[in-house]
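Student: I have this model open on my screen and would like a close look at one part of it. Could you walk me through the open sheet and what sits around it?

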Amino acid sequence: MRICFICTEIFYWGLYGGFGKIVRTLGRELTRHGVEVYALIPKIFDLSKSEETILDGVHVIGFVPPKPRRLLLPFTWHFSKKYIAKIDADIYHSQEVTPGTLIAMKKAPEKKHIITFQDPRSLDDVKYISVALNKNFFSTVKDLVYYRMYCDPLVRAAIKRADALFTQASFIIKKVKTLYNIKRPIHLLPNPIMVPKHVIRKSSNPTVCFLGRLDPIKRPEVFLQLARLFPEVTFIVMGRARDQRRDHYLRRKYGQLPNVKFLGLIMNDQEKYKILEKCWILINTSIYEAFPISFLEAAANKCAILSYVDSEGFVSNFGYKIKDYSLQEYARGLRYLLENDYWKKLSEKGYRYVKKVHDLNRVVKLHLKIYKSILSESLL
């Protein structure tokens with residue numbers, strides 16, 4: 001069986017986000033089950049040349065359009081055409097719908113094509129993010145161009161032609177049906193998480209962490225300002241900004257705080273899990289999230305979650321959902337979780353949920369079952 005993931009990133013070539021992490025994890029595990037896995041992605045930051053490489057057993061093709069077209073990012077997928085026939089996959093699996101989804105359907109109409117919606121964004125989402133970040137006119141126009149890419153009539157046509165549709169979380173199903181006016185069934189296909197089997201041992205000192213990009217949409221400044229209010233708590237920062245200047249700025253401004261540790265981007269899962277294992281609470285300060293992989297990774301390591309974003313009711317069930325984005329609310333929530341060790345009970349509950357629903361072996365086997373069903377045309 002040969003599978004090709006069509007995706008916007010794969011945790012490489014300068015893009016280190018949740019989508020890419022999911023694809024890389026899935027690809028690695030599927031290869032261990034004898035599946036031949038490809039990934040087709042547009043290269044955004046490393047624009048020197050198109051490139052092919054192997055990551056964790058996955059054949060990755062990163063394509064770059066000719067120079068005059070590089071700034072027209074939504075249209076770069078047109079330059080993926082020549083790779084579709086070369087890959088010759090049995091199933092093309094889009095991790096979020098893009099113009100590349102329809103291109104694959106047109107270039108390989110006899111093959112199977114499925115879509116997992118990871119983070120579908122409505123026009124209201126785009127407007128909300130732009131206002132929340134106080135974006136200027138040109139940045140807002142760029143966001144609207146991206147929105148146009150994901151809601152283009154051709155993209156809608158790709159959704160209608162897909163052999164099966166999935167979402168990573170149940171709450172996204174209603175959103176996708178509304179956004180794209182879908183009447184057909186949409187199935188749940190959870191994202192995979194490695195759940196530790198050993199006894200998790202927490203730090204004796206209260207320890208909290210931030211896990212994600214240090215970009216404005218994630219608002220790491222709020223996390224770092226909390227460190228000043230809780231000198232008795234260790235604050236660990238895992239991640240870096242896409243703009244190196246912003247990364248340096250945050251380190252200069254907050255790096256001198258004695259209870260703050262900047263660890264940068266951690267690529268190795270085992271190293272990241274060693275840190276999460278010591279932490280008590282994951283603090284998410286982002287303006288917008290779909291259902292972040294960091295929630296699942298933290299819960300798998302028995303961390304409670306403190307966040308305003310409450311995807312799938314995850315935070316309400318396994319942590320503390322704050323009322324607004326203010327520093328005062330985050331401080332109130334952190335005090336609550338630390339008081340009488342409330343974080344412990346909630347983190348144990350979150351661990352059990354992730355182990356039941358998102359365990360790596362379970363989800364990979366579910367993907368294999370779905371792929372076989374698609375090929376036998378029993379899930380259409």
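Tutor: Here is a walk through that sheet, followed by a few neighbouring elements for context.

A quick word on the basis: this is a predicted model, in which local features need pLDDT of at least 70, side-chain atom pairs count only at pLDDT 80 or more, and totals for chains, interfaces and linings use all residues. Residues are numbered from 1 along each chain as its sequence is written, and side-chain values use heavy atoms, with hydrogens and water left out.

Start with the open sheet: six strands in the order β11-β10-β9-β12-β13-β14, paired in parallel. (Strands are DSSP runs of E with at least two residues, helices are runs of H or I with at least four, and both are numbered from the N terminus; two strands pair if DSSP finds at least two bridges between them.) At the edges lie β11 (260-264) and β14 (319-321), each pairing on one side only. From one strand to the next, the twist averages 20°. Over at the β11 edge, strand β10 (residues 234-238) runs parallel to β11 and is joined to it by four bridges. If you want a spot to click on, F235 has V260 in β11 as its bridge partner.

Now add a helix. α11 (residues 293-300) packs on the sheet and touches β9 (207-211), β12 (281-284) and β13 (304-307); contact here means heavy atoms within 4.5 Å. The direction of α11 makes about 170° with that of β12. (Axes are lines fitted to C-alpha atoms, for helices over the stretch in contact, and angles run from 0 to 180 degrees between N-to-C directions.)

Zoom in on S307, which belongs to strand β13. S307 is buried, at a relative accessible area of 0%. (Buried means under 20% relative accessible area, exposed over 50%, and partly exposed in between, using a 1.4 Å probe and protein chains only.) Setting aside neighbours within four places in sequence, S307 is in contact with N284, F295, V315, Y320, K321, I322 and Y330. Matching these to the elements above, N284 lies within β12 and F295 within α11, while Y320 and K321 lie within β14.

Next, a helix pair. The axes of α8 (residues 220-229) and α9 (residues 244-254) come within 11 Å and cross at roughly 10°. The two are therefore roughly parallel to each other; the cut-offs are under 35 degrees for roughly parallel, over 145 for roughly antiparallel, 65 to 115 for roughly perpendicular, and oblique for the rest. On the α8 side the contact is made by P220, E221, L224, Q225 and R228, and on the α9 side by R246, L250, K253 and Y254.

For another strand, look at β7 (residues 164-167), which is covered on both faces: A164 and F166 are buried on one side, L165 and T167 on the other. Strand β6 (residues 112-117) runs parallel to β7 and is joined to it by four bridges, with F117 partnered by T167. β7 also pairs in the parallel sense with strand β8 (residues 187-188), over two bridges, and there T167 stands opposite L188.

Finally, helix α7 (residues 170-180) has I172, I173, V176, L179 and Y180 buried. Those residues fall within an arc of 140° seen down the axis, so they line one face of α7; the arc is that of the directions from the helix axis to the C-beta atoms. K174 and T178, on the other side of α7, are exposed. Just after α7, N181 takes a positive phi of about 55°.
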